[in-house]
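The following note is offered to a colleague who wishes to examine the model alongside its sequence. The points are numbered for ease of reference.

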Amino acid sequence: FSMPIFIGIVIAYYTKKAIAMKKLILLLILLPLTAFADITMQDAKELIETRLQNDFKLDNLKITVFNNYNNILAKGDYKIELYKLAYDKQNFNAIISFVVNDRLIKHLSINGRFEEYTWIPVTTRTIAKGEIITKRDISLEELPESRARGDIIVDIDEIVGKEAIRYISGDRFIKQSHITNPRLVKKGQKV
């Protein structure tokens, strides 16, 4: 028995039968509206993400679903399980099972892409040529690791204390070609 039905039976036992039956009938009518949680697309995504993170040994993996399902996948007393998961380097195909009382109710196929995300330093303001970059000039932005290609610097410690050798606009990645070690003696300065 579920808890609301059990409570209804207890009420019927300890009160007059007519009153208890009315309460029990009312409880059973309202039960489908209040007692069950909805299964959402977010629930399915979390199930798939967790499995992919375990399989790939990645901490910060996120998925994008290609299917155009409603946010609520099922209403009722369902439990979801990952029935099958097939994937390559970027794409996946998952089959989610909806189960009630250990009985399979239906399967749902979900297709999508997954990527590892990383924190990449970006400028918080415009930095002029010749300025020394400080920690206040840098923030971290979470982006797909695929965007951290080329000479984009991913370690904030490689940026702080360096000199900008060109104008760097705000909210931009910093590349190796944007910075250098600071000059100890400026041009035209007495030594």
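**Asp137 and its surroundings**

1. Asp137 is buried, its relative accessible area being 5%, in a model that is predicted. The residue belongs to the loop between strand 6 and strand 7. Leaving out residues up to four places away in sequence, Asp137 touches Val122, Thr123, Thr124, Arg125, Ile127 and Ile132.

2. Arg125 appears again in the charged interactions around this loop residue: Arg125, Glu131 and Asp137 are joined into one network by salt bridges that share partners. Within it, Glu131 forms a salt bridge with Arg125, with the closest N and O atoms 2.5 Å apart. In contrast to the buried Asp137, Glu131 is partly exposed at 25% relative accessibility, and Arg125 is partly exposed at 32%.

**Overall composition**

3. The chain contains three helices and nine strands, which follow the order α-α-β-α-β-β-β-β-β-β-β-β from the N terminus. Of its 191 residues, 27% count as buried. The accessible surface of the chain is about 13100 Å², and carbon and sulfur atoms hold 54% of that area. Among contacts with a separation of 6 or more, 55% are between residues 24 or more positions apart.

**Strand pairing**

4. Strand 4 (residues 79-87) and strand 5 (residues 91-100) are antiparallel and paired over eight bridges. They form a hairpin with three residues between them, and Leu82 has Ile96 as its bridge partner in strand 5.

5. Strand 5 also pairs with strand 6, again in the antiparallel sense, over ten bridges; one of the partnerships is that of Asn93 with Asn111. The hairpin of these two strands has two residues between them, and Asn101 there takes a positive phi near 50°.

6. Strand 6 (residues 103-123) has further partners. Strand 2 (residues 61-65) pairs with strand 6 in the antiparallel sense over five bridges, with Gly112 as the bridge partner of Val65. Strand 7 (residues 138-144) runs antiparallel to strand 6 and is joined to it by seven bridges, Tyr117 being partnered by Pro144.

**Nonpolar cores**

7. Which residues have the most contacts inside the largest nonpolar core? They are Ile48, Leu52, Ile63, Phe92, Ile96, Phe98 and Ile110, in a core of 20 residues. At least two residues of this core come from each of helix 3 (41-56), strand 2, strand 3 (72-75), strand 4, strand 5 and strand 6. In soluble globular proteins, nonpolar side chains tend to be buried together.

8. Ile48 illustrates these contacts: apart from neighbours within four places in sequence, it is in contact with Ile63, Leu82, Leu85, Phe92, Ala94, Ile96 and Ile110. A second core, separate from the largest, has nine residues, among them Ile138, Ile159, Ala164 and Ile174.

**Further salt bridges**

9. The count of salt bridges comes to six. One of them joins the side chains of Glu142 and Lys62, at 2.9 Å from N to O. Because Glu142 lies in strand 7 and Lys62 in strand 2, this pair ties together parts that are 80 residues apart in sequence. Glu142 is partly exposed at 25% relative accessible area, and Lys62 is partly exposed at 31%.

10. Glu163 and Arg183 also meet through their side chains in a salt bridge, at 3.0 Å from N to O. This pair links distant parts of the chain, 20 residues apart: Glu163 is in strand 8 (residues 163-164), and Arg183 is in the segment after strand 9 (179-180). Glu163 is buried at 1% relative accessible area, whereas Arg183 is partly exposed at 47%.

Key. Residues are numbered from 1 along each chain as its sequence is written. This is a predicted model: local features need pLDDT of at least 70, side-chain atom pairs count only at pLDDT 80 or more; totals for chains, interfaces and linings use all residues. Side-chain values use heavy atoms; hydrogens and water are left out. Two strands pair if DSSP finds at least two bridges between them. Helices (H or I, at least four residues) and strands (E, at least two) are DSSP runs, numbered from the N terminus. Buried means under 20% relative accessible area, exposed over 50%, partly exposed in between (1.4 Å probe, protein chains only). Contact means heavy atoms within 4.5 Å. A nonpolar core is a set of buried Ala, Val, Leu, Ile, Met, Phe, Trp, Tyr and Cys residues joined through side-chain atoms within 4.5 Å. Accessible areas come from the Shrake-Rupley method with a 1.4 Å probe; for residues, only the protein chains shown count as cover. A salt bridge is a side-chain nitrogen of Lys or Arg within 4 Å of a carboxyl oxygen of Asp or Glu.
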